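I opened the notebook to record what I looked up, going from strand pairing to single residues and then to whole chains.

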Amino acid sequence: MKTITKLWASAAICGAMLTGMAQADPHPDAELIIEGELHLATRAAPPEHLGGVFPEIYSGWLFRTDETRALQMDDFDNPGILFAERGLDRWNAADGAAGQSCADCHGDVESMAGVRAAMPKINENGELWALEHYVNNCRTTRMEADAWGWNSEPMKDMSSLISLQSRGMPVAVQMDGDYAPFWEQGKEMYYTRFGQLEMSCANCHEDNWGRMIRADHLSQGMSNGFPTYRLKNATIVPLHQRFRGCIRDTRGETFREGSPEFTALELYVSSRGLGLPIEGVSVRQ
Amino acid sequence: MSDVRPRIRLPRSAKAGDVVEVKTLISHNMETGTRRDGSGNVIPRQIINRFTCEYAGKMVVDMEMHPAISANPYVEFDVKVEESADFVFTWYDDDGSVYSETQAFEVG
């Protein structure tokens with residue numbers, strides 16, 4: 001109740017100041033404050049490479065209902081935290097033939113601060129890897145354990161835990177140098193129409209954000225909240241699973257989670273959110 | 001890896017006569033007993049079927065739970081506190097396990 005009251009109070013104060021919003025944006029005045037302490041910016045100046053397509057960039061949190069937004073403001077109410085807690089057990093548990101745990105090499109999980117914010121990242125062989133690739137690389141080479149499935153429960157636990165260590169840190173993906181070809185590939189995908197419905201990412205998240213698509217309020221498609229707890233799925237949804245869902249909804253053949261295509265798209269989509277903070281495990285509809 | 005873990009949140013302190021908000025959650029699959037596995041066999045029911053909370057030796061909440069309750073049941077309620085005493089939370093699992101958690105509460 002406390003958080004809801006706070007939400008209403010801030011809405012009342014700011015409501016008077018905001019008139020004449022250009023587009024339907026129901027919660028332009030909401031402030032995301034976790035546990036009454038950690039303030040996460042949900043609006044930022046758009047990065048230059050977007051060339052002015054957005055007046056301002058918004059976290060997907062701003063597009064959700066009062067109740068859903070309140071869930072993310074309290075770690076007790078945020079169901080995603082349960083995954084991260086279980087992830088901490090896995091972090092400390094030895095697994096695989098080498099008898100190693102994550103903690104044996106990496107120490108405290110706090111050492112992962114900033115890792116999620118910089119993903120996806122180019123590995124030593126010049127391939128672009130997402131967080132899940134790095135986790136599985138540790139498992140197969142250092143721990144001599146089986147790789148986890150991209151959308152499997154243990155992987156979601158681990159990615160939630162690692163993301164949480166970057167909560168509040170700004171998105172820090174790179175776009176230049178070696179990253180440029182991957183970024184270009186992702187951008188190309190973002191504006192390519194897929195499926196029978198011939199829809200691109202941009203058709204919803206750039207041309208029509210703020211409007212309703214049937215019962216869903218279209219966000220700007222920012223990825224800083226991932227992995228996200230979706231109430232609809234009652235579980236953590238990794239970013240690549242969300243990508244697949246979007247392409248499936250265009251009635252298209254989708255790419256695999258972890259494919260080079262989705263990893264390049266992850267880089268480009270992340271770069272659209274430069275300026276927003278990582279929300280760790282967010283809560284969405 | 002045990003998935004079942006109780007979590008409690010109480011306010012840090014309160015005055016005698018205050019009504020405090022108690023939040024509880026237990027991570028649990030709450031398997032309904034109506035789902036089937038990949039080979040078509042029914043997955044046996046396993047839920048938390050009862051939750052209780054005692055404060056200062058008195059029962060303040062005693063609830064029965066049924067299969068329609070979602071995974072990780074979250075229960076929130078208010079308790080009027082008159083004295084410093086223990087809160088005792090207990091969850092009863094279909095498999096006979098009992099999960100219990102005690103928290104001392106200061107009334108100043």
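**Entry 1, a hairpin in chain B.** I began with strand β3 (residues 48-55) of chain B and strand β4 (residues 58-64) of chain B, which run antiparallel and are joined by 6 bridges. The model is a predicted one, and I read each of these entries with that in mind. Picking one pair out of this ladder, I found that B:F51 has B:M63 in β4(B) as its bridge partner. I then looked at the turn of the hairpin, where 2 residues lie between β3(B) and β4(B), and noted that B:A56 takes a positive phi near 50°.

**Entry 2, strand β5 of chain B.** Next I asked which strand β5(B) pairs with, and in which sense. I found strand β2 (residues 19-27) of chain B as a partner, antiparallel to β5(B) over 7 bridges. Within this pairing I marked B:L25, which stands opposite B:Y74 in β5(B). The side chains of strand β5 (residues 74-80) of chain B alternate: B:V75, B:F77 and B:V79 are buried and point to one face, whereas B:Y74, B:E76, B:D78 and B:K80 point to the other face and are not buried. B:Y74, the residue opposite B:L25, is thus listed on the face whose side chains are not buried.

**Entry 3, chain B as a whole.** I counted 0 helices and 7 strands in chain B, and along the sequence the pattern reads β-β-β-β-β-β-β. Its C-alpha atoms fill a box of roughly 60 × 25 × 20 Å along the principal axes. Of its 108 residues, 34% count as buried, and the chain exposes about 6100 Å², with 46% of that area supplied by carbon and sulfur atoms. For contacts in chain B with a separation of 6 or more, I noted that 56% come from residues 24 or more positions apart. I also located the 12 positive and 18 negative charges of chain B, whose mean positions are 5 Å apart.

**Entry 4, two residues of chain A.** Is A:S270 buried or exposed? I had placed A:S270 in helix α10 (residues 260-272) of chain A, and it counts as buried because its relative accessibility is 5%, where the limit for buried is under 20%. Setting aside neighbours within four places in sequence, I listed its contacts as A:M119, A:P120, A:V171, A:V173 and A:S223.

I then turned to A:G36, in the loop between β1 (32-34) and β2 (38-40) of chain A. With a relative accessible area of 44%, A:G36 is partly exposed. I also checked its distance to A:M73, and the two C-alpha atoms are 7.7 Å apart although the residues are 37 apart in sequence.

**Entry 5, chain A as a whole.** The secondary structure of chain A comes to 10 helices and 11 strands. Its radius of gyration is 19 Å, close to the 19 Å that the globule rule gives for 285 residues, so I recorded chain A as being as compact as a globular protein of that length. The box filled by its C-alpha atoms is roughly 60 × 45 × 35 Å along the principal axes. Buried residues make up 53% of chain A, and residues 24 or more positions apart account for 69% of its contacts with a separation of 6 or more. I closed with the surface of chain A, about 12800 Å² exposed with 52% from carbon and sulfur atoms, and with its 26 positive and 39 negative charges, whose mean positions are 6 Å apart.

Key: Residues are numbered from 1 along each chain as its sequence is written. Chains are lettered from A and ligands numbered from 1 in the order in which they are written. This is a predicted model: local features need pLDDT of at least 70, side-chain atom pairs count only at pLDDT 80 or more; totals for chains, interfaces and linings use all residues. Side-chain values use heavy atoms; hydrogens and water are left out. Helices (H or I, at least four residues) and strands (E, at least two) are DSSP runs, numbered from the N terminus. The radius of gyration is taken over C-alpha atoms; the globule rule is 2.2 Å times the number of residues to the power 0.38. Buried means under 20% relative accessible area, exposed over 50%, partly exposed in between (1.4 Å probe, protein chains only). Contact means heavy atoms within 4.5 Å. Accessible areas come from the Shrake-Rupley method with a 1.4 Å probe; for residues, only the protein chains shown count as cover. Lys and Arg count as positive and Asp and Glu as negative; His and the chain ends are not counted. The place of a charge is taken as NZ of Lys, CZ of Arg, CG of Asp or CD of Glu. Two strands pair if DSSP finds at least two bridges between them.
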